[in-house]
Amino acid sequence: MFAAERQQEIMRLARDSGRVDVLSLAEEFQVTAETVRRDLKALDRAGLVRRVHGGAIPVGHLDFEPDLAERDAVAADEKERIALAALAELPADGSVILDAGTTAARLAAALPVDSALTVVTHALPVAARLADHPGIALHLVGGRVRHRTRAAVDAWALRAYAEIKADVVFLATNGFAPDGGLTTPDLAEAAVKRAVIGAARRVVLLADSAKFGQQHFARFGDLADVDLLITDMGLAPDDARAIEAHGTEVVRA
């Protein structure tokens, strides 16, 4: 296959799935990862895709928001490791907020059965995982439920979070960068995320490395707002140091 043919196919895959990653493309076309990176660089220069950490997204899809089930299948192993690493950040006997996100939902599923915690969440998938948990005092925050994320947003949710101060929030994001901050496609989701940051004494961000460098429409915070980032080994050491320069501790699971 000639380079031009391969690049045309890469564009088609990016449009169909909303994202392509270097390793999968290398396996698909039986070429080296470096060859794929050159293809993506050429497509990026032509304005046909936007390169992001580990791959690329099609131009015009920067704020494409996949459905919850689709997002849960992306970087599944990395999210599982992040969730397990996050268990070490749980207070022994205290209160936590679990944000809406597939990694936060995995953390909820991983909570030990003998956990004695007060958990607050506006995410229906998180609440469903914890509803029958014997040691959890579960508080479900209400509001308008977004179908894409199954998360409550708008005034009811904002009022509820204004009334509490939890020990720690496990925060999710669609994109994070030293300069671009924390971003998500939807303004209503961003407002709730901003509220949960203010509703906790400690902020732990759970984000796989593929989200590094991505920027979306609605900004809800800065890395300086985050005490600890738990990510995966896909985040380069130089990028981890750049994040730590903002005062955020980084753990790569």
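This dialogue walks through a helix pair and some ring contacts in a predicted model.

Me: What should I keep in mind about the model before reading it?
Reply: The model is predicted, so local features need pLDDT of at least 70 and side-chain atom pairs count only at pLDDT 80 or more, while totals for chains, interfaces and linings use all residues. Residues are numbered from 1 along each chain as its sequence is written, and side-chain values use heavy atoms, with hydrogens and water left out.

Me: How do α5 and α6 cross?
Reply: Two packed helices are described by the angle between their axes and the distance between the axes. Here the axes (lines fitted to C-alpha atoms over the stretch in contact, with angles from 0 to 180 degrees between N-to-C directions) of α5 (residues 76–86) and α6 (residues 102–110) come within 8 Å and cross at roughly 55°. The contact (heavy atoms within 4.5 Å) involves residues including Ile-82 and Leu-84 of α5 and Arg-106 and Leu-107 of α6.

Me: How many aromatic pairs does a search of the whole structure find?
Reply: Rings of Phe, Tyr and Trp (its six-membered ring) pair if their centres lie within 6.5 Å, with planes under 30 degrees apart counted as stacked, over 60 as edge-to-face and the rest as tilted. The search finds 1 aromatic pair, in which Phe-176 and Phe-212 meet edge-to-face at 5.5 Å centre to centre, with 65° between the planes.

Me: Are these two rings buried or exposed?
Reply: Buried means under 20% relative accessible area, exposed over 50%, and partly exposed in between (1.4 Å probe, protein chains only). Phe-176 is buried at 0% relative accessibility, and Phe-212 is buried at 11%.

Terms used. Helix = DSSP H or I, 4+ residues; strand = E, 2+ residues; numbered from the N terminus.
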